[in-house]
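The following exercises are intended for a reader who meets this structure for the first time. Each consists of a task and a solution in steps.

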Amino acid sequence: MNTWLLAALALWALLLHLFFPKILEFLRLVSWSKTLPGPTIAEFIENVKKGQILAWFKELRLRHGPTFCMWMGKDLMVFFTDPEDVKQLLGNNNLTHKSQNYDSISPWLGKGLLTSSGDHWHRRRKLLTPAFHFRILSEFKEPMEENCKILVRRLEEKANGEEFDIYPYITLFALDAICETAMGIKKNAQMQSESEYVKAVQAICSILQKKAFSFWQRNNVFFKYTQAGRQRDACLEILHGETNRVIKLRRKLLQDSKIKSMDDAEKSYDSIGSKKRLAFLDMLLISQMEGVPLTDREIREEVDTFMFEGHDTTSSAIGFAIYLLSQNAQAQKLAYEEALALEGREKESMPYLEAIIKETLRLYPSVPVYARAVKEDLQVGKLVVPKGASISLLVYMTHRDEKYFPDPERFDPQRFLQKDKEMHPFSFVAFSAGPRNCIGQKFAMLELKCSLSYLLRKFEFLPVEGFKPNPLAELVMRSGNGIRIRIKHRN
């Protein structure tokens with residue numbers, strides 16, 4: 001009996017040692033959360049069910065001010081919207097750990113650049129930065145335009161003035177473009193939308209987005225065994241299997257071409273005498289051959305990360321830009337004239353189209369919320385956010401600060417062309433900022449400029465009466481009711 005008692009006491013002591021600090025931390029968070037305004041969990045669940053989270057965030061900011069907090073299950077989220085707070089938080093070199101919101105995509109992306117933290121993230125960021133040099137990215141313009149030509153051919157049948165949802169066409173275009181630039185392979189998603197790989201990409205994005213913003217799925221430790229969990233794992237098997245297959249294929253192609261270093265790649269030409277274009281994957285494989293400590297799994301994680309970030313975010317921005325242009329004939333006319341004047345020179349500055357893209361991302365940021373984990377007590381202005389909380393930078397509302405964007409719901413590209421008007425540098429953070437800013441923002445801008453200018457030269461976008469997109473605050477913002485427009489050929 002004494003032996004059992006001693007064993008029970010030892011177990012109790014061990015559990016107390018392991019969990020008592022976390023219990024204290026949680027109780028401290030509960031106490032601190034009462035000092036900030038914010039909604040109840042019941043109110044959060046109710047608005048998630050309605051699917052109108054962004055409209056609710058507007059209401060919360062009006063009701064509680066620029067800073068408020070919310071419990072999402074056991075996680076305390078502290079929301080910031082003021083540009084001065086955003087500046088302090090995004091510029092903090094110690095605040096680089098992503099919050100638990102990103103755990104849902106880890107099964108797909110592993111410890112890639114988007115999801116990793118700390119020293120691991122610093123090393124990976126340093127390694128990948130040269131791959132996003134604009135000189136290298138400019139080589140991607142050709143495959144972007146080739147895939148845009150396919151998009152135009154597919155849209156020809158819709159150029160009769162009838163209304164339709166253009167978003168499915170755009171997502172397949174973006175998937176084709178990212179497959180060719182990230183992995184160096186043609187997936188022909190626009191022509192083979194029923195392929196196993198294409199369907200797996202679309203399915204897993206939907207599953208992961210729902211999981212991240214579902215109160216029940218987010219906290220379900222048995223998610224793997226649910227129907228959605230089994231669907232996710234089936235998609236992962238397809239996606240990881242395909243990326244692993246392509247890694248082997250591209251490595252063999254490099255070996256057959258006797259490319260072992262970036263110097264070799266610079267001097268390499270194809271069979272018709274043109275300089276070989278390297279995909280993102282090729283650059284990682286060459287780095288591996290040059291001695292950089294990268295395993296095949298780590299290469300796969302970075303390629304999958306690039307696939308995820310470069311597909312959904314770009315689709316979102318193109319879709320919302322087309323909608324806004326369809327609603328604003330004068331802005332579309334000016335963008336069309338610039339696209340004509342600078343045809344073939346999209347790598348150069350296109351001031352008006354760039355302003356349209358920025359204004360689109362102000363109204364509909366592809367990533368509406370950035371979330372970070374607080375590892376140590378954090379001073380933000382006069383507020384001290386305790387360790388264990390998570391901060392959420394509510395970009396969607398920062399972009400609607402009336403101090404910097406009067407009449408914030410109005411689409412006005414001129415906001416980004418007025419050189420005499422001073423704008424807070426952190427009032428527009430569509431690509432984030434600071435140490436964890438978007439490494440692929442130049443890639444994204446190039447693809448947006450190439451695709452939008454190409455489409456503008458071919459088609460006129462016309463509005464659908466009564467249609468307004470329903471933006472959803474998911475991992476990547478999208479319209480819940482599609483992007484309905486009409487198009488007709490340019491004269």
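## Exercise 1: A buried charged pair

Lys187 and Glu242 are both buried. The model to be examined is a predicted one.

Task. Determine what joins Lys187 to Glu242, and where in the chain each of them lies.

Solution.
- Step 1. Lys187 and Glu242 form a salt bridge, in which the closest N and O atoms are 2.6 Å apart.
- Step 2. The pair links distant parts of the chain, its members being 55 residues apart. Lys187 belongs to the loop between helix H9 (167-183) and helix H10 (196-212), while Glu242 belongs to helix H12 (residues 227-256).

## Exercise 2: A pair within one helix

Task. State which element holds both Glu59 and Arg63, and decide whether each of the two is buried, partly exposed or exposed.

Solution.
- Step 1. Helix H3 (residues 53-64) contains both residues, which are 4 residues apart, about one turn of the helix.
- Step 2. In an α-helix there are 3.6 residues a turn, so residues three or four places apart point the same way.
- Step 3. A salt bridge connects Glu59 with Arg63, with 2.7 Å between the closest N and O atoms.
- Step 4. Partly exposed residues have between 20% and 50% relative accessible area. Glu59, at 41%, is therefore partly exposed, and Arg63, at 40%, is therefore partly exposed.

## Exercise 3: A salt-bridge network

Task. Locate Arg457 and Glu346 in the chain, and identify which residues share a network with them.

Solution.
- Step 1. The side chains of Arg457 and Glu346 meet in a salt bridge, at 3.2 Å from N to O.
- Step 2. Arg457 lies in helix H19, whereas Glu346 lies in the loop between helix H16 (329-341) and helix H17 (351-363); the two are 111 residues apart.
- Step 3. Residues under 20% relative accessible area count as buried. Arg457, at 13%, is therefore buried, and Glu346, at 0%, is therefore buried.
- Step 4. Through shared partners, salt bridges join Arg457 and Glu346 with Lys141, Glu145 and Glu343 into one network.
- Step 5. The whole structure has 34 salt bridges.

## Exercise 4: The sheet

Task. Give the order of the strands in the open sheet, and explain why S3 and S8 each have one side without a neighbour.

Solution.
- Step 1. The sheet has 3 strands in the order S3-S11-S8, with antiparallel pairing.
- Step 2. Strand S3 (164-165) and strand S8 (459-462) are at the edges and have a single partner strand each, so one side of each lacks a neighbour in the sheet.
- Step 3. S8 is joined to strand S11 (residues 484-489) by 4 bridges. Glu460 has Lys488 in S11 as its bridge partner.
- Step 4. Helix H19 (residues 441-458) packs on the sheet, where H19 touches S8 and S11; the directions of H19 and S8 make an angle of about 95°.

## Exercise 5: Positive phi values

Task. Find where Lys258 and Asp407 lie, and state which phi value each has.

Solution.
- Step 1. Lys258 lies in the loop between H12 and helix H13 (262-266). Its phi is near 60°, a positive value in a residue other than glycine.
- Step 2. Asp407 is placed in the loop between helix H18 (395-398) and H19. Its phi, near 50°, is also positive in a residue other than glycine.
- Step 3. Lys258 counts as exposed at 65% relative accessibility, and Asp407 as partly exposed at 45%.

Definitions and conventions: Residues numbered from 1 in each chain as written. Predicted model: local features only at pLDDT ≥ 70, side-chain atom pairs only at ≥ 80, totals over all residues. Heavy atoms only, no water. Pairing = 2+ DSSP bridges. Contact = heavy atoms within 4.5 Å. Axes fitted to C-alpha atoms, helices over the stretch in contact; angles between N-to-C directions. Salt bridge = Lys/Arg side-chain N within 4 Å of Asp/Glu carboxyl O. Buried < 20%, exposed > 50% of the residue type's maximum accessible area, 1.4 Å probe, protein only.
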